[in-house]
Amino acid sequence: MTERLSTGNDRLDSILGGGLVLNSITLLVGAPGNGKTLVAEQCVFAAASADRPGLYLSTVSEPLDKLLRYGQSLRFFDVEKVGRSVFYEDLGSILNDGGLSAVLERIDLLVKEHRPGVVVIDSFKALKDFADGEAAFRRFLHELAGRMTALAISSIWVGEYAAEDAIVSPEFAVADAVIDLKTKRTRERSMRYLSVLKLRGSDFASGDHAYRLTGDGLMVYPRLAGTYATDHETGNARLSSGISALDEALGDGYWPGSATLVAGPSGAGKTLMGLHFLYAGAARDEQGILVTFQESRTQLARIVDGFGWSLTDPSITIMECSPVDVHIDEFFYNVIDAIEETGSGRIVIDSLNDLMLSASDPVRFREFSYSIVQRLARDGVSLMATLECPELFRITRLSELGMSHIADNVVLLQHLHSGDALKRALTVLKTRGGSHTSRVREFQITSDGITLGETLDLEKLLR
């Protein structure tokens, strides 16, 4: 089994198939401002020990005092380790005075003195400017790589490389792993992505993985492209929607771990139906989560108070998300973390429209839809998601980007004209794994919540 070096981030380790390959050379590349130094320092502090310390070598791109000053603002930066198991050294003056040969001699002395397990050179690309030609730089590269390999040292070389450098720069060929940090602009947003371009001797998760730079270091969200076990156990007891007549229409409620899509126009009662679902669970001491993109706590309080519920109910967790600052992969992992922390068995996402806008393209939203439904089903967590339809009357289609094709239940809410008045109507379009009543039923929103009324003659109302 290949030995690994942890990066200090479990999700980044999983992208790398368990972490960096031990005693390998990793090239960490990207434009300035994408967090290369932060990632390199995070790796050093995670891997350093008294027996196998970390050695961080700066060159001429960033002054050592500045690097240390900003590093101390990060929570993984352990001041107690500096000078004991993490050592910093500035090679700038040696590089300016003696060139690459002097740098190689200095690295030899530092390695003999500290016997490090991991060595970072930041910036590595800057060294090339001090070489007497391409051949001299290749000789330096060969000698340095040979020393690191012979001494069983894990190396991280940091550089401001562009995509085209991978073709012409020999360090890309020498490196065992290449990790690229980049920023992409989608519509009005800029998001950071990490991708593994090369990882010799190991499998890895391909594609772009979203990340943020925080006070805790790199927070990465692996791309939603994995599959989940479809053979999983679920309970035999159905779950109540909180609306008895709807339970009957669904064939006695929802199966545990099922996904329900509630679609309809603005003002049809989608959010209220989600609240019914959560508070029906709370009445049975089941934990539930409401993810809301549009309703503030003040607005939600007005709704729930009117039905005898409370936002302070210990069984209900509110996740307020800004629709203008959400990334769909990050959202997925935040939801999974919240479910694990609270032990919730029910979750309502209100609404999918906001998540559609946060996805960079339709494929990313479909990947999210599949991943969230499969993951929650595997864990026995019941999902209800709302979807606002563009048509206020006479709904003829659900959004092609919605998850109606993978949802277990689809409930359609509509506004219908009845003379000079409006009626609300509910129809169960789909119930996977059971029978359901497909009649169009009138429903009303009263102080007791949602109540279903008589069957409506849809053909007559639509004339």
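Tyr161 has a relative accessibility of 5% and therefore counts as buried, a label given under 20% relative accessible area, with exposed meaning over 50% and partly exposed in between (1.4 Å probe, protein chains only). Phe172, at 9% relative accessibility, counts as buried too. Please keep in mind that this is a predicted model, in which local features need pLDDT of at least 70, side-chain atom pairs count only at pLDDT 80 or more, and totals for chains, interfaces and linings use all residues. Residues are numbered from 1 along each chain as its sequence is written, and side-chain values use heavy atoms, with hydrogens and water left out.

Let us stay with the aromatic rings. A pair of them is described by the distance of the centres and the angle of the planes. Rings of Phe, Tyr and Trp (its six-membered ring) pair if their centres lie within 6.5 Å, and planes under 30 degrees apart count as stacked, over 60 as edge-to-face and the rest as tilted. By this rule there are 17 aromatic pairs. In one of them, the ring centres of Tyr161 and Phe172 are 5.2 Å apart and the planes stand at 85 degrees, so the pair is edge-to-face. Tyr161 lies in the loop between E7 and helix H6 (165-168), while Phe172 belongs to helix H7 (residues 170-174), 11 residues apart. Helices (H or I, at least four residues) and strands (E, at least two) are DSSP runs, numbered from the N terminus.

How are the rings of Tyr221 and Tyr333 arranged? Their centres are 6.3 Å apart and their planes meet at 35 degrees, so this pair is tilted. Because Tyr221 lies in strand E11 and Tyr333 in helix H11 (residues 328-342), the pair ties together parts that are 112 residues apart in sequence. Both Tyr221 and Tyr333 are buried. Elsewhere, Phe45, Tyr56, Phe76, Phe77 and Tyr88 form one aromatic cluster.

Now to the sheets. Strands pair here if DSSP finds at least two bridges between them. One open sheet of 9 strands runs in the order E5-E4-E6-E7-E3-E8-E9-E10-E11, with mixed pairing. Strand E5 (86-90) and strand E11 (217-221) stand at its edges with a single partner strand each, so one side of each has no neighbour in the sheet. Within this sheet, strand E6 (residues 118-122) and strand E7 (residues 154-159) run parallel and are joined by 5 bridges; Asp122 stands opposite Val158 in E7. Helix H4 (residues 92-114) packs on the sheet, touching strand E4 (54-58), E5 and E6, where contact means heavy atoms within 4.5 Å.

H4 also packs against helix H5 (residues 134-150), at an angle of about 5 degrees and with the axes 11 Å apart. Axes are lines fitted to C-alpha atoms, for helices over the stretch in contact, and angles run from 0 to 180 degrees between N-to-C directions. H4 and H5 are therefore roughly parallel (under 35 degrees; over 145 is roughly antiparallel, 65 to 115 roughly perpendicular and the rest oblique).

A second open sheet of 9 strands has the order E14-E13-E15-E16-E12-E17-E18-E19-E20, again with mixed pairing. Its edge strands, strand E14 (316-320) and strand E20 (449-455), each pair on one side only. Strand E19 (residues 441-446) runs antiparallel to E20, with 5 bridges joining them, and Gln444 has Thr451 in E20 as its bridge partner.
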